[in-house]
Amino acid sequence: MRWRLLLESGDAATNMAIDEALMRFGIPTIRFYRFSPSSVTIGYFQRVSSAVNLEEAMKGGVRVVRRITGGGSVYHDERGELTYSIVAPVELFPKGFAESMRYVCEGVVRTVRAFGLDAEFSGVNDVVVAGRKLSGSAQAREQGILLQHGTIMYATDLEKLASLLIAPKEKLSDKGISSILERVTTVSRELGRSVSFDEVLEAALEGFSFLGEFQEGELSEEEWRLVDMLVEKYSSDSWNFRR
């Protein structure tokens, strides 16, 4: 299986517009990118005031953008996180949400294990090391096309993350913890040394290679036209603050 490889990064609105455009066109594609500047994304079904500390976000100039995928709120640290997305017809993945989620997350597990860490898939959509989360993923399907995107936190500012995101108390108590900080970690933190974006990207290219062959490419002119239209959507309060 041959996949188009994209390394296109942008701000939050552009990144989410690209991922939606990729799903609309449905060309088998894997993408690695980062958010610049740092931003917060929230799940499609989330109420923004329940998921994000808006006062803290406003104070820090952190943009909040709603995804088309489900899941929870995510802090995307420009200097500490690599994001992946993968798009292809659903027939190319195991059937069902749980099976396909786990299948794609195997790429994250292999990426983190390349650093010598004992990563494992956990729960519905997480990858953890020693019980602490360093990756979460979310998925959407439309007209037979699957989009899954997710994070790999390699040096995320966890204090900043904890100040911006609101975790449901019942979710924390279920895990026997009292704050987000007890729940998350990064590759750098686990290794006790600084890890760069390029190191993680190199590991991810190898970690996801079980999917098939990657050939670096670009968005087509038609895809860019759609991206330009979708950026307006992801820049609008009517979309981002709809709930």
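Reader: Let's start with E20: buried or exposed?
Author: First, a caveat: this is a predicted model, where local features need pLDDT of at least 70 and side-chain atom pairs count only at pLDDT 80 or more, while totals for chains, interfaces and linings use all residues. Residues are numbered from 1 along each chain as its sequence is written, and side-chain values use heavy atoms, leaving out hydrogens and water. Buried means under 20% relative accessible area, exposed means over 50%, and partly exposed is in between (1.4 Å probe, protein chains only). E20 comes in at 5% relative accessibility, so E20 counts as buried.

Reader: Which residue does E20 form a salt bridge with?
Author: A salt bridge here is a side-chain nitrogen of Lys or Arg within 4 Å of a carboxyl oxygen of Asp or Glu. Look along helix α1 (residues 12-25), where the two partners sit four residues apart, so about one helical turn separates them. The closest N and O atoms are 2.9 Å apart, and the partner of E20 is R24.

Reader: R24 also meets E142 in a salt bridge; how many residues apart in sequence are the parts that this pair ties together?
Author: At 43% relative accessibility R24 is partly exposed, and E142 is partly exposed too, at 37%. Their salt bridge is 3.9 Å, N to O. Helices (H or I, at least four residues) and strands (E, at least two) are DSSP runs, numbered from the N terminus. R24 lies in helix α1 and E142 in strand β9, so the parts tied together are apart in sequence by 118 residues.

Reader: Which residue is linked with E20, R24 and E142 in a network of salt bridges?
Author: The structure holds 13 salt bridges. Some of them join up into a network. Besides E20, R24 and E142, that network includes K233.

Reader: What about strand β9 itself: which side chain makes a 2.8 Å polar contact with Q139?
Author: Q139 sits in β9 and, at 10% relative accessibility, counts as buried. A polar contact is a pair of N or O atoms within 3.5 Å; within protein, one must be able to donate a hydrogen and the other to accept it, and residues adjacent in sequence count only if both atoms are side-chain atoms. One such contact, of 3.3 Å, runs from the side chain of Q139 to that of S100. The 2.8 Å one joins Q139 to Q148.

Reader: S100 is in α4; where is the kink in α4 centred?
Author: Helix α4 (residues 97-113) has 17 residues and spans 24 Å from first C-alpha to last, close to the expected 24 Å, which is 1.5 Å times one less than its number of residues. A bend is the angle between axes fitted to the seven residues ending at a residue and the seven starting there. The kink in α4 is about 30°, centred on C105.

Reader: Which element gives the most to the largest nonpolar core?
Author: A nonpolar core is a set of buried Ala, Val, Leu, Ile, Met, Phe, Trp, Tyr and Cys residues joined through side-chain atoms within 4.5 Å. The largest has 35 residues, with W3, I30, F32, Y84, V112 and F208 touching the most other members. Elements giving two or more residues include β1, β2 and α8. With six residues, the top contributor is α4.
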